[in-house]
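Good morning. Please have the sequence and the structure open while I talk.

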Amino acid sequence: MFKTLYSVYDKKSKTYAAPFTEVNDGTAIRAIQDLMQSNNSHPFARHSEDFSLERVGSFNELSGDIQEDPVGEVIQLKELVQE
């Protein structure tokens with residue numbers, strides 16, 4: 001089974017965080033939302049305007065192979081902040 005690789009991009013430092021796997025964009029967004037809501041002091045929550053969730057590749061759970069895909073923005077983290 002293939003899982004998608006995601007990373008959070010920091011616009012200020014122009015770097016990507018360590019990648020993580022999720023089933024699809026929806027579950028990746030939910031994982032970031034959970035992190036932001038459970039830890040208000042996390043930089044993603046405090047400075048959400050500085051970050052975006054990016055799709056960076058795919059991971060084959062059966063073979064261990066990683067495929068690079070063109071980076072694609074999934075969502076700006078500021079869109080996940082509850083008003």
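**Helix α1 and its surroundings**

I start with what sits around one helix. The buried residues of α1 pack against β1 (2-10), β3 (20-22), α2 (43-46), β4 (51-60) and β5 (66-76). Keep in mind that this is a predicted model.

Which residues of α1 are the buried ones? They are T27, A28, I29, I32 and M36. The helix itself has 14 residues, and from its first C-alpha to its last it reaches 20 Å. That is close to the 20 Å expected at 1.5 Å a residue.

Now take one residue from that list. I29 is found in α1, which covers residues 25-38. Is I29 buried or exposed? Its relative accessible area is 18%, and the cut-off for buried is under 20%, so I29 counts as buried. Leaving aside residues up to four places away in sequence, I29 touches L53, V74, I75 and L80. Look at L80 in particular. Along the sequence, I29 and L80 are 51 residues apart, while in space their C-alpha atoms are 8.5 Å apart.

For contrast, please find E68. This residue is found in strand β5. Its relative accessibility is 76%, and exposed means over 50%, so E68 counts as exposed. Which residues does E68 touch, not counting those up to four places away in sequence? The answer is V56 and G57. E68 and S13 are 55 residues apart along the chain, and their C-alpha atoms are separated by 22 Å.

Now zoom out to the protein as a whole. There are two helices and five strands. Read along the sequence, they follow the pattern β-β-β-α-α-β-β. The C-alpha trace spans about 40 × 25 × 15 Å along its principal axes. With 83 residues, a compact globule would have a radius of gyration near 12 Å; this protein has 13 Å, which agrees.

Buried residues make up 35% of the 83 residues. Consider the contacts between residues at least 6 apart in sequence: 53% of these join residues at least 24 apart.

Last, the surface and the charges. The protein exposes about 5,300 Å², and carbon and sulfur atoms supply 49% of that area. It has 8 positive and 14 negative charges. How far apart are the mean positions of the two groups? They are 6 Å apart.

That is the end of my part. Thank you.

Key
Residues are numbered from 1 along each chain as its sequence is written. This is a predicted model: local features need pLDDT of at least 70, side-chain atom pairs count only at pLDDT 80 or more; totals for chains, interfaces and linings use all residues. Side-chain values use heavy atoms; hydrogens and water are left out. Helices (H or I, at least four residues) and strands (E, at least two) are DSSP runs, numbered from the N terminus. The radius of gyration is taken over C-alpha atoms; the globule rule is 2.2 Å times the number of residues to the power 0.38. Buried means under 20% relative accessible area, exposed over 50%, partly exposed in between (1.4 Å probe, protein chains only). Contact means heavy atoms within 4.5 Å. Accessible areas come from the Shrake-Rupley method with a 1.4 Å probe; for residues, only the protein chains shown count as cover. Lys and Arg count as positive and Asp and Glu as negative; His and the chain ends are not counted. The place of a charge is taken as NZ of Lys, CZ of Arg, CG of Asp or CD of Glu. The expected span of a helix is 1.5 Å times one less than its number of residues.
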